[in-house]
Amino acid sequence: MDGSDAGGPDGSGAGVDGRGAGRDGSGAGGDGSEGGGPGAAEGARPRRRRGRLVRRSALVLVLLLLGPVLAAEAALRVNYLGDPSDGTYTRDKDAIWLGHAWVDGRKTDADVEALAGRLEDTGIRDLYVHAGPLEHDGTLPASAYAGARRFIAAVHREAPKLRVQAWLGDVLASESPDGMRLERAGTRAAVVRSTRGILDAGFQGAHFDLEPLHSDDGDYLTLLDSLRAVTRARGAQLSVAAHQIDPVPGFHSFWGATTGHPKWWSQRFFGQVARRVDQIAVMSYDTIQPLQSTYGGYVAQQTSLALEVTPASTDLLMGLPFYHENRFGHWNHAETVAAAVRGVRLGLSRTDADRENFGVAAYVDFAATEQDWRSYREDWVR
């Protein structure tokens, strides 16, 4: 670009002072037809102009891409400012996701007693106990939750206020050829039968986490309608783990087109799901946010968006990150329980501070630290 291939500024190779190919044409024509000279200099100028144009275009492109991102991050930090309203604390409708060890024989009655002690004087009412996963065809062998009856009996003995729900999930074939296919009526029917089975085992509800679940999935809504008929007939709870809501309208479509993974739901679809269940728990973690302030601001936004479309009769729970990983999508230093609780309280304060059917859900028991529990108790339970 700088013309060094035809002689640098110091004249090396074919310089302006004529060494090797001078202005007088010796060795190479003075008209610049070969080597250096005025012809080479004139040829270098367009190349330099093209180089500057490329660099400037690249800079403009970077600014166009980073500008909206930086603006969005600044808006989230602003969203984290202010003081939550008084009284925006637990309504005793919180929940926690528990690992499979509670129903496969690894946990004992002594562990249940310790768990009951841990949860005493908190707002936690529901235990989402991993009892799956479901098979891709929707079936669930009873052997997957062989210890459920013993666990449920021990919980009711040690902590009668707690409600035990079966946490059932599977990978959907929405982004790969392998996984559950909700578009198949037979698969949906099998999921319903599996739900009857876990209710027969003594669970007081069924909690579904099917991922990745794309926005506007009508087959999922059809499944929820069928499940609701079963749980209502049994006096049991139907709850779901929900994807986050578009931070700006249509964002799931943009993200899906650029990455192949839509991730978010439209606010409209979130409301359609919320109207079909007794509880909906937002997985408000794995947000890609780099700072506590932007993460907390994001949770505040998600809380407001969810409150706007969740019926007052449905329990809305916002997820708390009781786990610790560092990877793209989840930064341990940013996604803290303290930041999440503050964001939840801010969103609740700004949107519906008196909402009764509201709580938080901790993910997940086996990864939680004492600091996680302390932040939950001090900032939310009080």
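**Exercise 1. Name the residues that ring pairs link into a cluster.**

Solution. Ring pairs join Trp97, Tyr128, Trp167, Tyr285, Tyr323 and Tyr363 into a cluster. Here rings of Phe, Tyr and Trp (its six-membered ring) pair if their centres lie within 6.5 Å; planes under 30 degrees apart count as stacked, over 60 as edge-to-face and the rest as tilted.

Before going on, a word about the model: it is predicted, so local features need pLDDT of at least 70 and side-chain atom pairs count only at pLDDT 80 or more, while totals for chains, interfaces and linings use all residues. Residues are numbered from 1 along each chain as its sequence is written, and side-chain values use heavy atoms, with hydrogens and water left out.

**Exercise 2. Classify the ring pair of Tyr220 and Trp265, and say what it ties together.**

Solution. Start with the whole structure, where a search finds 15 aromatic pairs. The centres of the Tyr220 and Trp265 rings are 6.4 Å apart and their planes stand at 55°, so this pair is tilted. Next, place the partners: Tyr220 lies in helix α5 (residues 218-234) and Trp265 in the loop between α6 (251-259) and α7 (267-274), so the pair ties together parts 45 residues apart in sequence. Helices (H or I, at least four residues) and strands (E, at least two) are DSSP runs, numbered from the N terminus. Finally, Tyr220 and Trp265 are both buried. Buried means under 20% relative accessible area, exposed over 50%, partly exposed in between (1.4 Å probe, protein chains only).

**Exercise 3. Do the same for Phe322 and Tyr376.**

Solution. With 6.5 Å from centre to centre and 70° between the planes, Phe322 and Tyr376 form an edge-to-face pair. Phe322 is in the loop between β7 (315-321) and β8 (326-327) and Tyr376 in helix α10, so distant parts of the chain, 54 residues apart, are linked. Phe322 is buried because its relative accessible area is 1%; Tyr376, at 2%, counts as buried too.

**Exercise 4. Which peptide bonds, from Gly132 and from Tyr363, are cis or trans?**

Solution. The bond from Gly132 to Pro133 is cis, with omega near 5°, and Pro133 lies in the loop between β2 (124-130) and α3 (148-158). The bond from Tyr363 to Val364 is also cis, with omega near 10°; Val364 sits in the loop between β10 (358-363) and α10 (370-381).

**Exercise 5. Is Asp121 buried or exposed?**

Solution. Asp121 has phi near 65°, a positive value in a residue other than glycine. Its place is the loop between α2 (109-119) and β2. Asp121 is exposed, because its relative accessible area is 60%.
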